[in-house]
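Trainee: I've just opened this one and don't know where to look. Can you walk me through it?

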Amino acid sequence: MDKTEKVAYEASLIQYIEKNQLPDLIEQYTKQLILNQPEDPIQFLINYIQNKKNQRLIFITGSLQNKRYVIVEQVCNSLYYEQIKLKDDHLLKQTKSEIVNQQVKQQLQKVGSHFRGVIVNGYPFNFETSIFAQWNGLIPDRVIILENSEEDSRNYYSQKFQQDEKSIVQSMKRDEIFLQEIKRMYNSFYDTFNISNIPKSNIVENIKSILKLKDKRVQPLRSPRIFIVRPPHLKVRARQIQSLLVQKYGFNQIQVYDLLNKHIELKTHVGKFIYGALSNHRQVPDDIILGLVRTEILNTSSKQKGYILEGFPKSKNQVNCFSSYEINPHFIIILDYDDNELLNQFKQLKFDDKNNRFYENNDTFLEKIPYMLKQNDFDEDKWKEQIQSYRDIISSVEDKFDTKAQKYNLSVESNEKIIQSVDSFLNNSDIYS
């Protein structure tokens, strides 16, 4: 074996290890052996792998107990899943996490192998229970987080605590903190639904569709070039969708926001210019963003694997400059809300006046900011101008790319529904012509 062959062989080994997530598998199986200490480890692993292959573990958590119970019950009955119910949510959250964790573990061991899957209802519910699940090999196939409006939460706790304002506020704040902890633990690998805004029947059908999908990395027809266009400042859902596609296909992952941050942190010449523009409440010039994007999408990794670029284009002019910068996407995902929902999303943003940036409440980047952010000083007319600018970008993209650009309404479509739709396009040879 000469040097070239050896390098190629080592590269193929690394690719195989990463593709099949071997370190995670070995760690998971080792934990099971240590926890259960079977007399016949090999036969135990054979049985464990076979059961794991056939039976799926799902966590559905968040929201108010009464509404969540109805949704989970309908899903389980329809798909022949076992349901593990824990005690009253309020009592549960006052119980020591280690006690709850042991209860979940014991109940999971009793689930019959004839069930197609098992849903743990209301678990995990905070950082400690999330950590326990991962440390003990309770790796869910799916994590589904149900959310509800502040008004629904207040009504629920008002009845529970008979209008005791202190208990109401404490419970609502606790729920908010716990939910953020779960999202941080599972990063972007969860699906979320606001059950206050979507009919229960739609949520049930969406969850059923999600659970019928198998998490399996497959290869599209070629190495696709994909863009995700999103409303300004609203990047959390876009990144969730991007991460799911990267996990499934192995694309190169590019995020314009992170490209700008990288240059600022490294204090490059471009980074100093970007920081100066943002600090002085100016937009980063189009030619800088176009140049950074072009460098990323033309590198060897992006050409070999394909790439998915999130947060681009950011202006109508950038769309018009695609050809001159050799930017030719195969497929464009356009994420949108209706105007009223966009205004509502914008109203909830936090503002960093030092860097002239807005953040969503569930943006994990907030953890890196060492100072308190201001509440968004909401000027409806200015935000309406931003909505119109975004509508102009969408129109330009749709005019230029026709059927290669597909728009999805985030108010009604789950991440999995969008992934399903994208799958069908990626395996259609027409988009590569």
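Mentor: Let's go through some helix pairs, a few backbone oddities and the cysteines. Keep in mind that this is a predicted model.

Trainee: Okay, helices then. At what angle do α4 and α10 cross?

Mentor: The crossing angle is roughly 50 degrees, and the axes of α4 (residues 65-79) and α10 (residues 200-212) come within 10 Å. An angle like that makes α4 oblique to α10. The crossing is right-handed.

Trainee: And which residues make that contact?

Mentor: On the α4 side you have K67, V70, I71, Q74, V75, S78 and L79, and they meet K200, I203, V204, I207, K208, L211 and K212 of α10. Sorted by class, that contact has eight nonpolar, two polar and four charged residues.

Trainee: What about the loop before α4, anything odd in there?

Mentor: Look at S63, which sits in the loop between β1 (56-62) and α4. Its phi is near 65 degrees, a positive value in a residue other than glycine. Most residues other than glycine have a negative phi.

Trainee: Is S63 buried or exposed?

Mentor: S63 counts as buried, because its relative accessibility is 12%, and the cut-off for buried is under 20%.

Trainee: Where else do I find a positive phi?

Mentor: Try Q163, where phi is also near 65 degrees. Q163 lies in the loop between α8 and α9. Q163 is exposed, with a relative accessible area of 60%.

Trainee: So how do the helices on either side of that loop cross?

Mentor: The axes of α8 (residues 150-160) and α9 (residues 165-185) come within 9 Å and cross at roughly 135 degrees. That angle makes α8 oblique to α9, and α8 passes α9 in a right-handed crossing.

Trainee: Who's touching whom there?

Mentor: E150, S153, R154, Y157 and S158 belong to α8, and they meet E165, I168, V169, S171, M172, R174 and D175 in α9. By class, this contact has four nonpolar, three polar and five charged residues.

Trainee: Switching topic: which peptide bond is cis in the loop before α7?

Mentor: That's the bond from Y123 to P124, with omega near -5 degrees. P124 is in the loop between β3 (117-121) and α7 (127-135). Most peptide bonds are trans.

Trainee: And what's the bond from F312 to P313 like?

Mentor: The F312 to P313 bond is cis too, with omega near 0 degrees. You'll find P313 in the loop between β8 (307-310) and α16 (316-320).

Trainee: Back to helices for a sec. How do α17 and α18 pack?

Mentor: Helix α17 (residues 339-347) and helix α18 (residues 380-401) pack at about 125 degrees, and their axes are 10 Å apart. The two are therefore oblique to each other, and α17 passes α18 in a right-handed crossing.

Trainee: What's in that contact?

Mentor: From α17 it's D339, L342, L343 and F346; from α18 it's E380, W383, K384, I387 and R391. The classes come out as five nonpolar, no polar and four charged residues.

Trainee: Last one: how many disulfides are there?

Mentor: Zero, after a search of the whole structure.

Trainee: And C76 and C321, what do they look like for burial?

Mentor: C76 counts as buried, at 4% relative accessibility. C321 counts as buried as well, with 17%.

Terms used:
Residues numbered from 1 in each chain as written. Predicted model: local features only at pLDDT ≥ 70, side-chain atom pairs only at ≥ 80, totals over all residues. Heavy atoms only, no water. Disulfide = S-S within 2.5 Å. Buried < 20%, exposed > 50% of the residue type's maximum accessible area, 1.4 Å probe, protein only. Axes fitted to C-alpha atoms, helices over the stretch in contact; angles between N-to-C directions. Helix = DSSP H or I, 4+ residues; strand = E, 2+ residues; numbered from the N terminus. Parallel < 35°, antiparallel > 145°, perpendicular 65-115°, else oblique. Left-handed = near helix turned anticlockwise from the far one by under 90°. Contact = heavy atoms within 4.5 Å. Nonpolar A, V, L, I, M, F, W, Y, C, P; charged D, E, K, R; others polar.
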